[in-house]
Amino acid sequence: SNATAKRQAAEQAKAEADRLKQVAADAQSKLSQGAVAYFGDRNASDAVKVLTDKDTTLYLSSIKNGQKGDATSIDNMIASLAFIKEINQLRAKEGLAPLKVSDTLMAMSMANVDWSDDNIGHSGQFDVGENMAWGYKDPFDGWYTTEKANYEKDMTDGVLDGKDKDGNAVGETGHYLNVVNKGYTVTGFAISQNGTLGFGTTHGQTFQYAAPDQSGRVMDVDAYLADLTAWRDSLTNADANWQAALSKSEQAAQDASAAAKALAAAQ
């Protein structure tokens with residue numbers, strides 16, 4: 001009976017190790033796909049289309065799904081959410097409501113940034129508001145801090161016309177006006193380090209007045225970050241879980257072999 005129990009335990013342990021081996025392989029595949037796998041697992045089919053469908057996205061060839069440094073990499077996706085937290089802090093200073101995160105707008109930001117990291121300008125692929133920045137460590141240094149000062153100079157004559165009260169040019173204000181637009185409610189953000197322009201990092205943020213009438217979620221940034229991080233961690237841990245199950249299976253096989261030898265000796 002001892003030999004039978006050990007044999008059955010070994011078979012069960014091997015089956016579990018084989019199952020977790022496949023889980024680990026699937027997890028590695030998803031991690032290598034990046035954001036498109038995350039959107040797929042969250043049933044955000046329109047976000048998936050943005051990153052994979054040539055009829056949805058004009059510059060699809062610019063997207064290198066999951067590649068290190070690409071806007072679609074999970075590392076860059078997680079890093080981009082810190083900037084959404086930052087804009088919400090800036091909007092709070094202005095007495096404005098926080099922006100929520102949209103799966104679809106996140107994907108649009110990724111597609112736009114992947115094009116703009118090789119081209120100075122806006123891709124114009126989607127009907128959204130957008131801020132772009134090249135070479136900044138923190139794009140809000142330009143979008144908010146610099147341009148707010150420009151805006152305040154511009155408005156010294158009460159008219160937003162690019163000039164102060166003395167007629168002097170004051171510089172850009174459009175990015176700042178996007179940041180503090182009280183009509184915007186949803187956003188997406190993306191980062192890439194794969195550009196060929198020599199700026200290092202390209203940042204991009206998309207805005208809309210209401211959530212796109214498409215599949216995908218709209219969530220508070222903290223909840224979105226927690227969900228994305230948990231998804232990544234579950235995949236990252238899959239290989240360790242398989243290795244632990246494999247070790248357990250090997251030990252169970254050794255125990256079954258020893259029990260079988262003991263049975264043979266007794267017989």
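**A five-stranded sheet and its surroundings**

In this predicted model, lysine 100 stands opposite valine 186 of strand 3. The two strands involved here are strand 1, residues 100–102, and strand 3, residues 186–192; they run parallel and are joined by two bridges. Helix 4 (residues 74–93) packs on the sheet, where it touches strand 1, strand 3 and strand 4 (202–208). The direction of helix 4 makes about 130° with that of strand 3.

Stepping back to the whole sheet, one finds five strands in the order 2-4-3-1-5, forming an open sheet with mixed pairing. Strand 2 (129–134) and strand 5 (218–219) are the edge strands, each pairing on one side only. Strand 2 runs antiparallel to strand 4, and six bridges join them; within this pairing, asparagine 131 has glutamine 205 of strand 4 as its bridge partner. Strand 2 is also mostly covered, with six of its six residues buried. Gly129, Asn131 and Ala133 point one way from the strand, while Glu130, Met132 and Trp134 point the other way.

Turning to the helices, helix 9 (residues 238–266) contains 29 residues and reaches 42 Å from its first C-alpha to its last, close to the 42 Å expected at 1.5 Å a residue. Its buried residues include Trp242, Ser249 and Ala256, and the buried residues of helix 9 pack against helix 1 (2–33) and helix 8. Threonine 236 belongs to helix 8, which spans residues 221–236. This threonine counts as partly exposed because its relative accessibility is 45%. Although 205 residues separate threonine 236 from leucine 31 in sequence, their C-alpha atoms are 8.1 Å apart in space.

Side chains of opposite charge can pair when their charged atoms come close. Across the whole structure, a search finds twelve salt bridges. One of them joins lysine 30 to aspartate 41, with the closest N and O atoms 2.9 Å apart. This pair links helix 1, which holds lysine 30, to helix 2 (residues 35–41), which holds aspartate 41, eleven residues away. Lysine 30 is partly exposed, with a relative accessible area of 27%, and aspartate 41 is likewise partly exposed, at 32%.

A further salt bridge brings together the side chains of aspartate 222 and lysine 85, at 3.2 Å from N to O. Here the partners lie 137 residues apart, aspartate 222 in helix 8 and lysine 85 in helix 4. Aspartate 222 is partly exposed at 49%, and lysine 85 is partly exposed at 31%. Finally, Arg42, Asp103, Arg217 and Asp227 are joined into one network by salt bridges that share partners.

Technical notes. Residues numbered from 1 in each chain as written. Predicted model: local features only at pLDDT ≥ 70, side-chain atom pairs only at ≥ 80, totals over all residues. Heavy atoms only, no water. Pairing = 2+ DSSP bridges. Helix = DSSP H or I, 4+ residues; strand = E, 2+ residues; numbered from the N terminus. Contact = heavy atoms within 4.5 Å. Axes fitted to C-alpha atoms, helices over the stretch in contact; angles between N-to-C directions. Buried < 20%, exposed > 50% of the residue type's maximum accessible area, 1.4 Å probe, protein only. Expected span 1.5 Å × (residues − 1). Salt bridge = Lys/Arg side-chain N within 4 Å of Asp/Glu carboxyl O.
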